[in-house]
Amino acid sequence: MNEDEKWMRIAIKEAIKAENIGEVPVGAIIVQNNQIIAKAHNQPIKKNDPTAHAEIQAIRLAGKRLSNYRLINTCLYVTLEPCAMCLGAIFHSRIEKVVYGAKDNKSKVWESNKGLNNDKNKFTKNLIIGSVLETECELILQSFFHKRRRINK
């Protein structure tokens, strides 16, 4: 198991926490200097906050821990490809590397925004790695939505 898989497995545990409270199962962690500085999971329903995505929650916790909104030399691991809102927060927080599991085939935010990562836009030079433990991340999401559809019938 490589480093990215090791950290993604911890993000998956966070996703399961979200599922256990009825949220869409997405988990995120932020790592700096080979240590976890923040762990979070989706909580928009619980917090009545549409911005309470796993990534945003983790960014907020990391900022408090570091006493800085700039999360220099950090890596975000998230079980689902970040949405447009989270993309903006990731760029503004200066996270250097993003590793995600399952692709968001509906929005394809990372694919459609590759132009943001260019020489003219210096603060958005993120290293982006997708599809790490993709199958495991997809299965958690598929199972969650399958159960939801059965309940709502």
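**View 1. The lining of the largest pocket mixes nonpolar, polar and charged residues.** In this predicted model, the lining divides into 11 nonpolar, six polar and eight charged residues. Nonpolar here covers Ala, Val, Leu, Ile, Met, Phe, Trp, Tyr, Cys and Pro; charged covers Asp, Glu, Lys and Arg; the others, Gly among them, are polar. A pocket is an open set of points on a 1 Å grid over the protein atoms alone, where a 1.4 Å probe fits and protein lies on both sides within 12 Å along at least five of seven lines. Lining residues have an atom within 4 Å of a point. The lining counts 25 residues, and V24, L80, D104, L141 and F145 lie nearest the pocket centre. Two elements give two or more residues each: α2 (44–47) and α6 (134–151). The most comes from α6, with six residues. The pocket volume is about 540 Å³, taken as the space filled by probe spheres set on the points, which are joined across faces, edges and corners.

Residues are numbered from 1 along each chain as its sequence is written. Local features need pLDDT of at least 70 and side-chain atom pairs 80 or more, while totals for chains, interfaces and linings use all residues; side-chain values use heavy atoms, without hydrogens and water.

**View 2. Strand β3 pairs with β1 and β4.** Helices (H or I, at least four residues) and strands (E, at least two) are DSSP runs, numbered from the N terminus. Strands pair if DSSP finds at least two bridges between them. β1 (residues 27–32) and β3 (residues 74–80) are antiparallel over five bridges. β3 and β4 (residues 97–102) run parallel, also joined by five bridges. Find C75 in β3: V31 stands opposite, and K97 is its bridge partner in β4.

**View 3. Helix α4 links into a β-α-β unit.** β3, α4 (residues 84–93) and β4 make this unit, and it is right-handed. That is, with the strands pointing away from the viewer, the path from the first strand over the helix to the second runs clockwise.

**View 4. β3 gives the largest share of the largest nonpolar core.** Such a core is a set of buried Ala, Val, Leu, Ile, Met, Phe, Trp, Tyr and Cys residues joined through side-chain atoms within 4.5 Å. Buried means under 20% relative accessible area (1.4 Å probe, protein chains only). The core holds 36 residues; M8, I30, L76, Y77, I90 and I95 touch the most other members. β3 supplies five residues. Seven of its seven residues are buried.

Conventions:
Buried < 20%, exposed > 50% of the residue type's maximum accessible area, 1.4 Å probe, protein only.
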